[in-house]
Amino acid sequence: DSDIKLMLSLLNSNSANCHYLFRMHPMNSFEINKYFFGNNFELVNDLTLDDSLFIASKVIATYSSVALESSLRGFYVGLVYDKKRLLINPFDNTGITDYQLISNEYDFNKYLESNINTQQNEYFFNLDDKFNDAIFKALN
């Protein structure tokens, strides 16, 4: 898809001293060597998402639940999107603001150079405690 191609193009254009961890979606696996030309990467499909995030310092994703999960775990996420497509932002209506949209090399380099510490998001579903309590009571 065009977002993955854009992301790999941005990674190929970067000359920074980075080591990349690639974790493929189980339904969209492909040979990374055909699209990423560096040798500074590991394929970590054998690791759980938790284990992958434990060893990562930044998360760059396309339209994926990984972007949301990573942000909830405290990462400042780079969300790669193709401007030629309609942007359906997975962060809309979540209250999450610790991400950066990336659609070109400038955005990508700015993201890589960022050193932003994030906090855990407490109200992902924008629910007040009184609503949480009502939901938990209804479930019991």
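Where is Asn93 found? Select Asn93 in the viewer: Asn93 sits in the loop between S4 and S5. The model on the screen is a predicted one.

**Stop 1: Asn93**

Keep Asn93 selected and look at its backbone. Its phi is near 65°, a positive value in a residue other than glycine. Most residues other than glycine have a negative phi. Now show the surface. Asn93 counts as exposed because its relative accessible area is 74%, and the cut-off for exposed is over 50%.

**Stop 2: the whole chain**

Zoom out and colour by secondary structure. The protein chain has 5 helices and 5 strands. Starting at the N terminus, follow the elements in the order α-β-β-α-β-α-β-β-α-α. Of the 140 residues in the protein chain, 34% are buried. Contacts can also be sorted by distance along the sequence: among those between residues at least 6 apart, 46% join residues at least 24 apart.

**Stop 3: strands S3, S4 and S5**

Select residues 77-80, which form strand S4. Is this strand covered on one face or on both? Both faces are covered: Val77 and Leu79 are buried on one side, and Gly78 and Val80 are buried on the other.

Add S3, residues 59-61. S3 and S4 pair in the parallel sense, with 3 bridges. Pick out Ile60 to see that it stands opposite Gly78 in S4. To get from S3 to S4 the chain passes through H3, and this β-α-β crossover is right-handed.

Next add strand S5, residues 99-102. S5 also pairs with S4 in the parallel sense, over 4 bridges. Select Val77 and Tyr99 together: Tyr99 in S5 is the bridge partner of Val77.

**Stop 4: Ser103**

Move on to Ser103, which lies in the loop between S5 and helix H4 (105-113). Is Ser103 buried or exposed? Ser103 is buried, because its relative accessible area is 13% and the cut-off for buried is under 20%. Show the residues around Ser103. Leaving aside neighbours within four places in sequence, Ser103 is in contact with Leu6, Tyr81 and Lys83.

**Stop 5: Ile32**

Select Ile32, in the loop between S1 and strand S2 (41-43). Ile32 has a relative accessible area of 6%, so Ile32 is buried. Which residues does Ile32 touch, not counting those up to four places away in sequence? They are Leu8, Phe22, Met24 and Phe41. Then draw a distance from Ile32 to Glu42, C-alpha to C-alpha. The two are 10 residues apart in sequence and 9.8 Å apart in space.

**Stop 6: the largest pocket**

Rolling a probe the size of a water molecule over the atoms shows where empty space is left. The largest pocket has a volume of about 1000 Å³. To find it, select Leu21, Phe22, Arg23, Ile60 and Ala61, which lie nearest its centre among the 35 residues of the lining. Two of these have appeared before: Phe22 as a contact of Ile32, and Ile60 as the residue opposite Gly78.

Now show the elements around the largest pocket. H1 (2-13), S1 (20-22), H2 (49-55), S3 (59-61) and H3 (65-72) each supply at least two residues of the lining. Which element gives the largest share? H1 does, with 5 residues. Finally, colour the lining of the largest pocket by residue type: 23 of its residues are nonpolar, 8 are polar and 4 are charged.

Conventions. Residues numbered from 1 in each chain as written. Predicted model: local features only at pLDDT ≥ 70, side-chain atom pairs only at ≥ 80, totals over all residues. Heavy atoms only, no water. 1 Å grid on protein atoms, 1.4 Å probe; cavity = no way out; pocket = protein on both sides within 12 Å on 5 of 7 lines; lining within 4 Å. Points joined across faces, edges and corners; volume = space filled by probe spheres on them. Nonpolar A, V, L, I, M, F, W, Y, C, P; charged D, E, K, R; others polar. Buried < 20%, exposed > 50% of the residue type's maximum accessible area, 1.4 Å probe, protein only. Pairing = 2+ DSSP bridges. Right-handed = clockwise from strand over helix to strand, strands pointing away. Contact = heavy atoms within 4.5 Å.
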